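Hi there,

Here is the structure I promised to pass on to you. Have a look at it first, and then read my notes below.

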Amino acid sequence: MSERRVWLPRWLTSEHPLPWLFPVTSLLIVFGLYPVLFSLWLSFFKRNPATRKEKFLPSWNWEKMISDERVWDAVQVTLTYAFIALFIQLVLGLLIALLLDTDRKGFGVLRALMTLPLVVPPAVTGMMFLLMYDSSFGVISNSLYSLGLLSPNTPILGTASTALWGVIVADVWQWTPFMVLIMLAGLRALPKEPYEAASIDGASAIQSFFYLTLPMMSKIIALAVLIRGIDLFRIFDYVKVMTDSGPGTATETLTAYAGTIYFKSANFPYASTIALATLIVVLVTSSLFIKIFKVKF
Amino acid sequence: MASVNISQLNKKYGAVRVLHDLDLQVADGRFVVLLGPSGCGKSTLLRMIAGLESITSGDVLFDDTRVNDVHAKDRNIAMVFQNYALYAHMSVRKNMAFSMRLKRVDKKTIDEKVTWAASILGLEPYLDRLPRELSGGQRQRVAMGRAIVRDPDVFLFDEPLSNLDAKLRVQMRTEIKELHQRLKTTTIYVTHDQIEAMTMADDVVIMRDGYIEQAGSPMEVYDKPNNLFVAQFIGSPGMNIIECQVAVKNGVYYATRDELFLPLPAQAPVEDGQALLYGVRPEHMVPGVQSAGSGDSRASGVVRVVEPTGPEVHVYAKMAGQDVCAISRERLAWEPGETIYFQPDTNHVHLFNKETGAAL
Ligand SMILES: Nc1ncnc2c1ncn2[C@@H]1O[C@H](COP(=O)(O)OP(=O)(O)O)[C@@H](O)[C@H]1O
Ligand SMILES: [Mg+2]
């Protein structure tokens, strides 16, 4: 105490929380709060594409968004994408984690290899799958052709009914390992004894899974769903690289639509409005989810 | 209900052998206690019977059926684990009902059984609590409850009372024994507490380092220990063991040590000069007066501590450099430092080989 530099104001000494909180707080303000507030500010202007002038009309963009059918299409695509990808990743992730949750030799290596897709940049993943889907030399397309499951007349990413699935597969490839990691961490931490007690009580492996593993893992599963769900709702890179929202707007998600308006139409206020709306939906949904499923961090 | 027969059972963890060629017969309806110090392999043996631990070699039979390859869930056993192994996310009620739910027993029967078990175990107020909201003793009782609502062929208990306080332990001891007398289900009960073993068992199996040292009724192992280990493990305070040398005086054999002349049983298989361990339980170290000794026997020591326990008095003394204990029901008053004379009861003297510890 006596060594405290007395000429410094108290809030600048190491005993005060402020100096410790300052760096991260300033980062958050500069890169988090400021852009959001700036977008909000932007969204209150009406842009005239011809004169490139902006006029303060607070409700203009918001009203436009509500009546914009493309927005509602994008919402539908985003939700479809997020739910399907999340479901597949969750189930696959849990299954793979169950298989890898063993002390047998060699599985440690498998567990490590499992994480490889996570280090590939999403844009590269998109490119990779773009090549694999290519209708003349893509390995996936050609395998499907030769199996007779797909006709060369309907390329995966070029057909409205399959394009979204094509993108989802890339997302699943990249992000299932993340689910596996979280699930494995959870599974490995589960106590062994209740399983022994359950088998004495007459439970089969399947019954143990449903009566013990799932309930004991519920918190972790909820956490994984939350993290991935938020991420999936903001899907942008795979769509941008693989289909660029096409064909038509078949794979146009909310963020992709906002991007299109921003970069192609240069209507910054409207793009900001859509981006903000996405943020609001994510915030509300995830808060509700946290409340309902009592997720703990 | 089933008998359990174990033959030539071995268990290895890697290169470490923890059970050695065990043979054990548990007749249908018996209450058998596996007794031994911590780490001797009791739990391992029990878990092999339960089907939770693989069998390295040998056989486990329920009645005449070899169950080595039968999964634990199909063995129809109930088990109480040393560490409770409760289902943390289920209420006490659900913990106890779990096995019946799996068997699709109707709800009314489940409720009846759970209520019955809860009343025996004093768990009624806690039925809707989660295990983490219970004390250690209460959790252990839930584990007991989970076992007794079953109708198993064999009950397996792994130190089920070790975490209870003294009063509850005595109460539960009676409770378990009564339950066994009522249900007559074959029971194998593991403990390191010899009092528990003595009070509850039809048969006691004493284990050490993966070997069975002796099996028999509690009184048999108490009165006729096969070896030094059993003699010392059973009984509290433990048997007095005095290192002696056989000597002859006036044609009579004595076990001697310094100035001690301890009387030997009439037909003791000893010879002059033989080194042996002389064992006598505290209650057979009758304290007396000097003249009362028979023949030339002399056994005196110096009183160190006197502990009245109420019904009896424990006297700890030093005799020829060795600590001994005597129990007397007479309320005699000894003072520390005083000389005390003993008359070991030759009908209850145990002699052991000094090298091997085997009973002579
Ligand atoms: N999973 C295991 N791996 C290796 N050694 C073990 C394992 N489980 C038990 N042991 C060893 O087997 C011996 C017997 O253990 P245990 O049956 O638990 O003893 P007890 O129940 O009599 O205290 C101990 O020496 C213990 O270290
Ligand atoms: Mg044990």
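Let's begin with B:Gln82, which is partly exposed at a relative accessible area of 33% (buried means under 20%, exposed over 50%, partly exposed in between, with a 1.4 Å probe and protein chains only). This is a predicted model, where local features need pLDDT of at least 70, side-chain atom pairs count only at pLDDT 80 or more, and totals for chains, interfaces and linings use all residues. Residues are numbered from 1 along each chain as its sequence is written, chains are lettered from A and ligands numbered from 1 in the order written, and side-chain values use heavy atoms, leaving out hydrogens and water.

B:Gln82 (OE1) and B:Ser43 (OG) are the protein donors of the magnesium ion (ligand 2), at 2.0 to 2.8 Å from it. Donors are N, O and S atoms within 2.8 Å of the metal (3.2 Å for Na, K and Ca), and sites may look incomplete because water is not among the atoms. The two residues are 39 apart in the chain: B:Ser43 sits in helix 1 (residues 42-50) of chain B, and B:Gln82 in the loop between strand 6 (77-80) and helix 2 (92-102) of chain B. Helices (H or I, at least four residues) and strands (E, at least two) are DSSP runs, numbered from the N terminus.

Now for chain A. A:Phe293 is found in helix 12 of chain A and is partly exposed at 48% relative accessibility. A:Lys294 lies in the segment after helix 12 (268-293) of chain A, and counts as exposed at 58%.

Happy exploring!
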